[in-house]
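Morning, everyone. One structure today, and a quick walk through it. Please have a look at the screen.

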Amino acid sequence: AQLKAVDDEFFKKTSSIRDDMIQKRLEMRNLLNSDKPDEAKILDIQKQISSLRDQLEQERSRHQLSVKKIVPDAKFGTKTGRGLFRGWGDRPCARI
C-alpha cells in the first residue's frame with residue numbers, strides 16, 4: 001500500500017512533464033519534416049526537451065530514494081525488464 005502510494009505520487013508529479021515531452025517531440029518532428037526547417041527553432045525545442053528529460057530524471061531519482069526507504073533491498077537498473085536485444089530477464093530473444 002505504501003509503495004503504491006509512492007508510485008502513484010511519482011506518476012502524478014511527472015504526468016505534466018511527460019505530456020510536455022510528447023508535445024515538444026511532436027513539434028520537433030513537424031519542424032524537421034517541414035519544407036524549410038528552422039534551425040534556431042529546432043535547436044531551441046531540443047534544449048527544451050533536454051530540460052524536461054533532466055526534470056524527469058530528477059523526479060525518477062527522488063522516486064527511487066522514496067522506494068528505497070520502504071524497500072531497502074530494492075535494486076534499480078539491474079536485470080529488470082528488457083535489455084537491449086535481450087528477451088525478458090536473462091533469456092536472449094530468438095534470432096531470425
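Start at Ile-49. Which residues is Ile-49 in contact with, leaving aside its neighbours within four places in sequence? Lys-24, Arg-25 and Met-28. Keep in mind that this is a predicted model.

Now the core. Ile-49 and Met-28 both belong to the largest nonpolar core. Leu-31, Ile-42 and Ile-45 are in there too, for five residues in all. Where do these residues come from? Helix H1, residues 2-32, and helix H2, residues 39-70, each supply at least two of them. H2 gives the largest share, three residues.

Next, the overall picture. The protein has two helices and zero strands. Of its 96 residues, 19% are buried. The exposed area is about 8,100 Å². Carbon and sulfur atoms supply 53% of that area. And the contacts? Take those between residues at least 6 apart in sequence: 54% of them join residues at least 24 apart.

On to charge. Side chains of opposite charge can pair when their charged atoms come close. How many salt bridges does the count come to? Five. I will take you through some of them.

Asp-8 with Lys-4. Their side chains meet in a salt bridge at 3.2 Å, N to O. Both residues lie in helix H1, four residues apart, which is about one turn of the helix. Are these two buried or exposed? Asp-8 is partly exposed, at 39% relative accessibility. Lys-4 sits at 52%, and because the exposed class begins over 50%, Lys-4 counts as exposed.

Then Lys-13 with Glu-9. This salt bridge is at 3.6 Å, N to O. Again we are in helix H1: the two are four residues apart, so about one helical turn separates them. Lys-13 is partly exposed, with a relative accessible area of 45%. Glu-9 is partly exposed as well, at 42%.

Last pair: Glu-27 with Lys-24. Their side chains meet at 3.7 Å, N to O, in a salt bridge. Here the spacing is three residues in helix H1, so the separation is about one helical turn. Glu-27 has 36% relative accessibility and counts as partly exposed.

And that takes us back to where we began. Lys-24 pairs with Glu-27 in a salt bridge. Lys-24 is also one of the residues in contact with Ile-49. Ile-49, in turn, is part of the largest nonpolar core.

That's it from me. Over to you.

Notes:
Residues numbered from 1 in each chain as written. Predicted model: local features only at pLDDT ≥ 70, side-chain atom pairs only at ≥ 80, totals over all residues. Heavy atoms only, no water. Buried < 20%, exposed > 50% of the residue type's maximum accessible area, 1.4 Å probe, protein only. Contact = heavy atoms within 4.5 Å. Areas by Shrake-Rupley, 256 points an atom, 1.4 Å probe, with all protein chains shown as cover. Core = buried A, V, L, I, M, F, W, Y, C linked by side-chain atoms within 4.5 Å. Salt bridge = Lys/Arg side-chain N within 4 Å of Asp/Glu carboxyl O.
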